[in-house]
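User: Hi! Could you walk me through this one? I'd like to start with the cysteines and then look at a sheet.
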Amino acid sequence: MENVKIFSLGGLDENGKWMYIVEINDDIFVLDAGSKKPEQSMPGIEYILPDFSYLIENKNKVKAIFITQPIDEALCAVPRLLEAVHAPIYTSRIGRYYITKNAKLFNVDLVNTVWNIVEINAYIQIAGHKIAIFGTTTSLPYSFGVAVHTNQGYITYASSFFFDFSAEPGFKTDLPFLADIAREKVLLSFIDSKNCHTVGFTSPNHKITSLIRDEFETDNRLIFGLFSKDIFRFNEIVKLAVDFKKKILLYSRSQRNEINDFIKQNIIYYPEDLFVDFDYTVKHQDYIIILAGEYRHLYRELFRLQQGNAEKNLFLSENDTIIVINTDNLGYEKNISDALDELYKSPAKIKAFGKKEIIKLEASQEDIKLMLKLLNPKYIVPINAEYKNLYENCQLIFEQLMISPTQIILMVDPSNPEEIIQEHFRDGERVFVQEKPLKVTDNFVDGYGFGEAGNTVLFERKKLYNSGVVILGVGIDKKNKTINTSIDIQMRGFIFVKMGADLNRDLEAIVNQAVVEVNTSGWNLEYLKEIIISRFKHRIYKFNKKEPVIIPCIVEN
């Protein structure tokens, strides 16, 4: 009988950074490798990635890395992971496209990467294990779930899903294929929790067609703002544009490049003459504009839209209607509010759709229940959400599906989030195994450098952000140990320049006195810096209760 172990390196009690491990004897399967967005209190941090230490220590056991969705939460960590763990990637064509794009940002060479483009609703063999690939409905085409076979039953994983029986090809979930997996017995299912608080099915309230069709019947120019990876709703807009014989202008260069790449690489099909450039808009009126971007970029471009763009010959008028999709995005409430506030100052008509009008493209309560009824797993692990949602999903499964609490595994301890809970299974039963605790920490991506910004750096950046900085520049005679230059003190971020004259004189006096004291007692440059920093802090706090970062630049010459 095989020994089966599962655990998470990310995705529990947090939004994003999905990464789950299935270990069967000495074979490791990685399910997604994503990132999460930094908090606003983390200045300079671009991404937060999982801790790969366990995988690096066991890199020869890693048989496959599955990337089930082409979004940052599922794939952003792949380039960094592949630098240390050379395992084959199993993903879709669009997944490969975005992984390759991320690798260029991180300056990672993927030339030796082994790519396997999966076929949806099919079985494959990896290291002697049967793997089922089943299609899922998400915001992007060709997303899929994974079912790893063990002799105790399948372990199934779908990072996101919902059921839409009218979905276009590439977005469909094949129920008979899921039933085929269930017939062979399912030991455990990882189940998405992001939208578990929403009652009912996600479909049909996830679509925007009924909300925007009437706008296509007007003479107004339509301008849509949506996330660049919301291809599901992008396709809804495209279909309406085709039906109403309108061309599409893609506002951003990056989106134009992506769509052109999709068409050239046969990832997604669109009519060749559908998309036009800015020159077309000078002489024609039969077009709509789609402004797409990622989070801050999207809201920043929407904010700027009100000001107009002379280079692109785009100025808003009362004949424009701006339609913003998804105005609810955790962590970006201020950006959204500022963008909408600015747009409402324009002469254009504004329509903004949030969670009251359209449901997120995630599994709602009835979707979760249907998936679990189809698969009928012995054990269930809620994933991919903060603790509140994980707990709510446990309650939903227990109360509405009448599943025993012993079969629902909450695989995170909120009191000790850095210690990973490892679950073991033998003979089809959950068992306790005494083992060394596995501890992990977040990896911060500073710019596009990896793991370079630790807690100390973040603390200093927060101080810079909140309390400003003082930079001291002074030269010291190397022989006599006396000041031989003017004392230059620059203060920023905590005091008005006009109010700083008295404080500046006091700080100069501190420098002069400190140099004399250290020279008298025995010269030590580092000790001099410590005295100056300490006395600067005391004087500035007494002056205005601020604690800026103090940087002494003292040069012996």
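Analyst: Happy to! A disulfide here is a pair of cysteine sulfur atoms within 2.5 Å. This is a predicted model, where local features need pLDDT of at least 70, side-chain atom pairs count only at pLDDT 80 or more, and totals for chains, interfaces and linings use all residues. Residues are numbered from 1 along each chain as its sequence is written, and side-chain values use heavy atoms, with hydrogens and water left out.

User: Cool, how many disulfides does the search find?
Analyst: Zero, across the whole structure.

User: Why no bond for C196?
Analyst: The closest cysteine sulfur, in C394, is 8.9 Å from that of C196, which is too far for a bond.

User: And is C196 buried or exposed?
Analyst: Buried, at 2% relative accessibility; the term means under 20% relative accessible area, with exposed over 50% and partly exposed in between (1.4 Å probe, protein chains only).

User: Switching topic: what's the strand order in the open sheet?
Analyst: The order is β27-β26-β28, with mixed pairing. Strands (E, at least two residues) and helices (H or I, at least four) are DSSP runs numbered from the N terminus, and two strands pair if DSSP finds at least two bridges between them.

User: Which strands stand at the edges?
Analyst: β27 (488-492) and β28 (549-556); each has a single partner strand, so one side of each lacks a neighbour in the sheet.

User: How do β26 and β27 run?
Analyst: Antiparallel, joined by five bridges, with β26 spanning residues 469-476. L472 sits opposite I489 in β27.
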